[in-house]
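Q: I'm new to this structure and would like a close look at one part of it. Could you walk me through a single helix and then show me how it fits into the rest?

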Amino acid sequence: MSVNTYQSIQQKKASGKKSFAVLIDPDKITVDGLDKLIRLAEDAKVDYIFVGGSLVITNRLDEVVLQIKQQSSIPVVLFPGSPSQVSKYADALLYLSLISGRNPELLIGQHVISAAAVKKSGLEIMSTGYMVIDGGAPTTVSYISNAAPIPSDKNEIAMCTAMAGEMLGMKLIYMDAGSGAKKPITESMIEAVSKVIEVPLIVGGGIKDPEKAYLNCKAGADMIVIGNAIEKDPQLILDMSAAIHGLSIVK
Ligand code: 1GP
């Protein structure tokens with residue numbers, strides 16, 4: 001029996017392996033840039049490629065997903081900023097509910113509007129409790145979502161939010177300081193949250209160096225998502241992967 005994306009995430013967690021997801025924003029990548037990135041991702045044994053952004057301005061989602069699928073066997077997971085960001089060519093979709101905010105549209109409203117189309121896409125749906133943590137400055141996600149992020153030093157709010165998400169049936173918890181966050185999520189918050197949930201914990205936002213990625217894994221993150229830092233320096237994929245997969249000791 002083939003293993004679906006969620007099962008693969010769970011299996012990695014169960015065996016103590018950390019996952020590395022590279023986030024690609026279809027607005028920011030060129031065809032040549034994506035070619036290069038896919039080759040690097042294959043070499044670095046990246047576990048997942050996330051595709052999406054808070055704002056998708058161009059209409060290149062299908063094109064970008066297809067290019068990845070043609071050149072790589074790494075599962076492509078949609079990380080949609082809005083219900084329009086659905087491509088049937090991907091493997092799975094993070095079905096995000098912004099549980100850290102109190103904007104009903106992002107908790108359930110947009111899901112209702114897009115439910116029929118999402119179901120028809122045939123994509124593997126992974127319900128995800130999405131928690132935005134204050135990253136030190138307003139990010140696109142905090143502005144667009146019109147919802148206050150969880151303060152970066154309020155571990156107990158993050159813990160209770162994640163627990164509530166899990167008890168509501170969410171299969172993944174994604175803590176995000178926002179793309180390009182000045183301050184990534186603290187290890188202390190990651191550790192606190194990872195101890196109170198059993199579902200896999202995804203962490204991203206403002207992770208710029210392998211050491212931080214390594215420390216986040218050590219603190220309890222099951223998957224690390226990196227976008228901006230790799231956009232700026234694609235070669236960084238190799239060191240990030242080594243740190244996350246524990247293939248090298250980061251000093
Ligand atoms: C953003 O978690 C992702 O939603 C990744 O953030 O682009 O800062 O790596 P960066």
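A: Let's start with the big picture. This is a predicted model, and buried residues make up 51% of the 251 residues in the protein. The fold has 10 helices and eight strands. For 251 residues, a compact globule would have a radius of gyration near 18 Å, and the protein's 17 Å agrees with that. Its C-alpha trace spans about 50 × 45 × 40 Å along the principal axes. Of the contacts with a separation of 6 or more, 74% are between residues 24 or more positions apart. As for the outside, the protein exposes about 11,800 Å², with carbon and sulfur atoms supplying 56% of it.

Now zoom in on helix H1, which covers residues 5-14. Which of its residues are buried? They are Thr 5, Tyr 6, Ser 8 and Ile 9. Look down the axis of H1 and you'll see these buried residues fall within an arc of 165 degrees, so they line one face of the helix. What covers them includes a whole set of strands: E2 (48-51), E3 (76-78), E4 (92-98), E5 (124-132), E6 (172-176) and E8 (223-226).

Check the two ends of H1 as well. At the N-terminal end, Asn 4 acts as a cap, with a side-chain oxygen 3.2 Å from the backbone nitrogen of Tyr 6. Just after the helix, Gly 16 takes a positive phi of about 75 degrees.

H1 also has a charged link to another part of the chain. Side chains of opposite charge can pair when their charged atoms come close. Here, Lys 12 forms a salt bridge with Asp 47, and the closest N and O atoms are 3.3 Å apart. The pair links distant parts of the chain: Lys 12 sits in H1, while Asp 47 is in the loop between helix H2 (31-43) and E2, 35 residues apart. Asp 47 counts as buried, because its relative accessibility is 12%, under the 20% cut-off.

How many salt bridges does a search of the whole structure find? The search finds seven. One of them joins Glu 231 and Lys 28, at 3.8 Å from N to O. That pair reaches across 203 residues, from Glu 231 in helix H9 (residues 228-232) to Lys 28 in the loop between strand E1 (19-24) and H2. Glu 231 counts as partly exposed, at 37% relative accessibility.

Another salt bridge brings together Glu 187 and Lys 212, at 2.5 Å from N to O. This one runs from helix to helix, with Glu 187 in H7 (residues 187-196) and Lys 212 in H8 (residues 210-219), 25 residues apart. Glu 187 is partly exposed, with a relative accessible area of 26%, whereas Lys 212 is buried at 14%.

For one last stop, find Ile 68 in helix H3 (residues 61-71). Is Ile 68 buried or exposed? At 0% relative accessibility, Ile 68 counts as buried. Leaving out residues up to four places away in sequence, Ile 68 touches Ile 24, Leu 34, Ile 38, Ile 49, Val 51 and Val 76. To place it against the helix we began with, measure to Ser 8: the two residues are 60 residues apart in sequence and 19 Å apart in space, C-alpha to C-alpha.

Methods
Residues are numbered from 1 along each chain as its sequence is written. This is a predicted model: local features need pLDDT of at least 70, side-chain atom pairs count only at pLDDT 80 or more; totals for chains, interfaces and linings use all residues. Side-chain values use heavy atoms; hydrogens and water are left out. Buried means under 20% relative accessible area, exposed over 50%, partly exposed in between (1.4 Å probe, protein chains only). Helices (H or I, at least four residues) and strands (E, at least two) are DSSP runs, numbered from the N terminus. The arc is that of the directions from the helix axis to the C-beta atoms. Contact means heavy atoms within 4.5 Å. A polar contact is a pair of N or O atoms within 3.5 Å; within protein, one must be able to donate a hydrogen and the other to accept it, and residues adjacent in sequence count only if both atoms are side-chain atoms. The radius of gyration is taken over C-alpha atoms; the globule rule is 2.2 Å times the number of residues to the power 0.38. Accessible areas come from the Shrake-Rupley method with a 1.4 Å probe; for residues, only the protein chains shown count as cover. A salt bridge is a side-chain nitrogen of Lys or Arg within 4 Å of a carboxyl oxygen of Asp or Glu.
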